[in-house]
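Subject: Structure for you to look at

Hi,

Here is the structure I promised to pass on. Please open it alongside this email, and then read on for what I found in it.

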Amino acid sequence: MQFGRYFEEFEVGAVYKHWPGKTVTEYDDHLFCLLTMNHHPLHLDAHYAGETTDFGKNVVVGNYIYSLLLGMSVPDISGKAIANLEVESLRHVKPTFHGDTIYGETEVLEKAPSKSKDDRGVVYVETRGYKQDGVIVCTFRRKVMVPKRSYGEARGGEQPGRPVPHE
């Protein structure tokens, strides 16, 4: 099974549909909020959200959705990455609620070989996250430094660092 891509394998215009999706539970949302110390009642207090907001219920914290989509994209985009260089933009387009299922896909917008090292390049991508009904909830663009095949081969190939079993 492939995990990430070498620079040569990315094609501008390609869209990678990440699989599987993830159904967001109240537990996921609350745990992420508590781990990151985001105690906004919109995310944690059902009574507050129901009585005082236009949504009428808790909204999943947006940075969880971003993190979820970033993680979903790793096997297709950054599994071989040398570095995530920047997140250029991040938009929370629509709210996500407990019980929604998030799916993601990433489009390759540009790619360019490194100017300083010939064994790597930079890939510019946009990831889109959408719910079970197809409504886009989050988009972000980022630049990822990925190795060329020569870099990977010099460091152990497809599964660098994997030990050989023995008795």
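Let me start on the outside: Tyr-27, Leu-31 and Leu-35 make up a nonpolar surface patch, and together they have about 360 Å² of accessible area. Leu-31 sits in helix H1 and is partly exposed, at 35% relative accessible area. Please keep in mind throughout that this is a predicted model.

**Overall layout**

The protein chain has 5 helices and 5 strands, and their order along the sequence is β-α-α-α-α-β-β-β-β-α. Measuring along the principal axes, the C-alpha trace spans about 60 × 45 × 30 Å. Of the 167 residues in the chain, 41% are buried. The chain exposes about 9700 Å², with carbon and sulfur atoms supplying 53% of that area. If you take the contacts between residues at least 6 apart in sequence, 71% of them join residues at least 24 apart.

**The cores**

The largest nonpolar core holds 15 residues, and those with the most contacts inside it include Val-24, Tyr-64, Ile-65, Leu-68 and Ile-102. Helix H1 (26-35), helix H4 (62-78) and strand E5 (136-147) are the elements that give two or more residues to this core. H4 provides the largest share, with 6 residues. Ile-65 is a good place to start looking: beyond its sequence neighbours up to four places away, Ile-65 touches Val-24, Val-60, Thr-96, Ile-102, Val-137 and Cys-138. There is also a second, separate core of 10 residues, with Ala-14, Tyr-16, Val-108 and Val-144 among them.

**A buried arginine**

Arg-5 comes in the segment before strand E1 (15-23). Its relative accessible area is 14%, so Arg-5 counts as buried. Where does the side chain of Arg-5 reach at 2.7 Å? It reaches the backbone oxygen of Asp-76. Leaving aside neighbours within four places in sequence, the residues in contact with Arg-5 are Phe-10, Tyr-16, Asp-76, Ile-77, Lys-80 and Val-146.

**The charged network**

This is the part I would most like you to see. Side chains of opposite charge can pair when their charged atoms come close. The count for this model comes to 10 salt bridges.

One of them pairs Glu-105 with Lys-17, with the closest N and O atoms 3.2 Å apart. Glu-105 lies in strand E3 (residues 101-113) and Lys-17 in strand E1, so this pair ties together parts that are 88 residues apart in sequence. Glu-105 is buried, at 12% relative accessibility, whereas Lys-17 is exposed, at 60%.

Another salt bridge joins Glu-107 and Arg-128, and here the closest N and O atoms are 3.3 Å apart. This pair links strand E3, which holds Glu-107, to strand E4, which holds Arg-128, across 21 residues of sequence. Glu-107 is partly exposed at 23% relative accessibility, and Arg-128 is buried with a relative accessible area of 13%.

A further bridge is formed by the side chains of Glu-126 and Arg-141, at 3.0 Å from N to O. Glu-126 in strand E4 and Arg-141 in strand E5 are 15 residues apart. Is Glu-126 buried or exposed? Glu-126 is buried, with a relative accessible area of 14%, while Arg-141 is partly exposed at 27% relative accessibility. Through shared partners, salt bridges join Lys-17, Glu-105, Glu-107, Glu-126, Arg-128 and Arg-141 into one network.

Glu-126 deserves a second look. Its side chain makes a polar contact with the side chain of Arg-128 at 2.9 Å. Not counting residues up to four places away in sequence, Glu-126 touches Glu-105, Thr-106, Glu-107, Leu-109, Phe-140 and Arg-141. To place Glu-126 relative to the largest core, Leu-68 is a handy marker: the two residues are 58 apart in sequence and 15 Å apart in space, C-alpha to C-alpha.

**Two backbone details**

The peptide bond from Trp-19 to Pro-20 is cis, with omega near 0°, and Pro-20 belongs to strand E1. Met-37 is not a glycine, yet it has a positive phi of about 60°. Met-37 is in the loop between H1 and helix H2 (41-44), and at 65% relative accessibility it is exposed.

Happy to go through any of this with you.

Best wishes

Technical notes
Residues are numbered from 1 along each chain as its sequence is written. This is a predicted model: local features need pLDDT of at least 70, side-chain atom pairs count only at pLDDT 80 or more; totals for chains, interfaces and linings use all residues. Side-chain values use heavy atoms; hydrogens and water are left out. A nonpolar core is a set of buried Ala, Val, Leu, Ile, Met, Phe, Trp, Tyr and Cys residues joined through side-chain atoms within 4.5 Å. Buried means under 20% relative accessible area, exposed over 50%, partly exposed in between (1.4 Å probe, protein chains only). Helices (H or I, at least four residues) and strands (E, at least two) are DSSP runs, numbered from the N terminus. Contact means heavy atoms within 4.5 Å. A polar contact is a pair of N or O atoms within 3.5 Å; within protein, one must be able to donate a hydrogen and the other to accept it, and residues adjacent in sequence count only if both atoms are side-chain atoms. Patches are made of residues with over 30% relative accessible area and no salt bridge: like charges are joined within 9 Å, nonpolar side chains (Val, Leu, Ile, Met, Phe, Trp, Tyr) within 5 Å. Accessible areas come from the Shrake-Rupley method with a 1.4 Å probe; for residues, only the protein chains shown count as cover. A salt bridge is a side-chain nitrogen of Lys or Arg within 4 Å of a carboxyl oxygen of Asp or Glu.
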